[in-house]
Amino acid sequence: MKARLQKVIADAGLASRREAERWIAEGRVKVNGKVVTKPGTCVDPLSDEVRARGKLVPRAQERVFILLNKPSDCLTTMGVDERGRKTVMDFIKVSARVFPVGRLDYNTQGALLLTSDGALSKKLLEPRYRVPRTYLVKVRGVPDDKTLRRLSRGVALDNQATAPLEVEIDRVSGKNCFLKMKMFEGKNRHVKRICEAVRHEVIRLKRTHFGNLNLNGLPLGAYRFLSPREIKALELMVQKEPVEKKIARRRPMVKLKRTKAKR
């Protein structure tokens, strides 16, 4: 995407926009070896060579967004594990420096976003923007309606109540069941701990969605780059100013519809 020449120079930290405009007017800026004297000239910050007062302006780094279908037995970390265990970076083969947006536990599978955009990553993780994460959780036993309502209202962890969430029974499997949980915050071992708090231990856990992203067509251990439309949708989630008071008054959602057990 092209940008005004003075903005490219200013974004590189070489001068203010006004000063960059003066350099351009004075003929002290070159684009691909040619002097440019018209302020407002548009250039491609990813490919064009720009020199201001003889100094090369660093090219902008293209933002990278990747969706990984994280396997279990894999750490969400950028470093090398001291015990030699696999990390999510063992599955990502790109030249750009990307890092995970949040984390999934060692034995948790599913949708993990990685990006080079630190500012957007931070916003996506802020509970006040209510970016949803959806999980399919196999638990021991079958929670009754009272337990589902308790989960939906939030459970105290470390003497602090968790945010309300949406929960429903997806299906029953023998003596156990699968819960579908949509959450808007992510504490350490969040899903496992709130399920343990209501005495339904997690057997298996998979994150099926992060925001507008899902795992359709993405095998376990594989990754793909996000489309421009998907990136824009993520940005729109955190562009609007969050209205925390309205969120606080919103009733938690719990679906009590049950399905028949598989035989």
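This is a short walk through a sheet, the salt bridges and a charged surface patch. Keep in mind that the structure is a predicted model.

Let us begin with the sheet. Four strands make up an open sheet, in the order S3-S2-S5-S6, and their pairing is antiparallel. Strand S3 (34–35) and strand S6 (55–56) are at the edges with a single partner strand each, so one side of each has no neighbour in the sheet. For a close look at one pairing, find strand S5, residues 50–52, which pairs with S6 in the antiparallel sense over two bridges. Here Ala 52 has Lys 55, in S6, as its bridge partner.

Now turn to the side chains. How many salt bridges does the structure hold? There are 13 salt bridges, and we can visit a few of them.

One of them joins Arg 28 to Glu 26, with 3.0 Å between the closest N and O atoms. Are these two residues buried or exposed? The answer lies in between: Arg 28 is partly exposed, with a relative accessible area of 35%, and Glu 26 is partly exposed too, at 43% relative accessibility. This pair also belongs to a network of salt bridges that links Glu 19, Arg 22, Glu 26 and Arg 28.

Another salt bridge connects Arg 63 with Asp 117, and here the closest N and O atoms are 2.7 Å apart. Arg 63 sits in the loop between S6 and strand S7 (65–70), while Asp 117 sits in the loop between strand S9 (109–115) and helix H3 (118–124), so this pair ties together parts that lie 54 residues apart in sequence. As for their surroundings, Arg 63 is partly exposed, with a relative accessible area of 39%. Asp 117, at 13% relative accessibility, counts as buried, because that value is under 20%.

A further example is the salt bridge between Arg 128 and Glu 126, whose closest N and O atoms are 2.7 Å apart. Arg 128 has a relative accessible area of 33% and is partly exposed.

Finally, let us look at the surface. Which residues form the positive surface patch? They are Lys 146, Arg 149, Arg 150, Arg 153 and Arg 199. To find Arg 199, look in the loop between helix H5 (190–197) and strand S15 (202–210). Arg 199 has 78% relative accessibility, and because this is over 50%, Arg 199 counts as exposed.

Definitions and conventions:
Residues numbered from 1 in each chain as written. Predicted model: local features only at pLDDT ≥ 70, side-chain atom pairs only at ≥ 80, totals over all residues. Heavy atoms only, no water. Pairing = 2+ DSSP bridges. Patch = residues over 30% accessible without salt bridge, like charges linked within 9 Å, V, L, I, M, F, W, Y side chains within 5 Å. Areas by Shrake-Rupley, 256 points an atom, 1.4 Å probe, with all protein chains shown as cover. Salt bridge = Lys/Arg side-chain N within 4 Å of Asp/Glu carboxyl O. Lys, Arg positive; Asp, Glu negative; His and termini not counted. Charge placed at Lys NZ, Arg CZ, Asp CG, Glu CD. Buried < 20%, exposed > 50% of the residue type's maximum accessible area, 1.4 Å probe, protein only.
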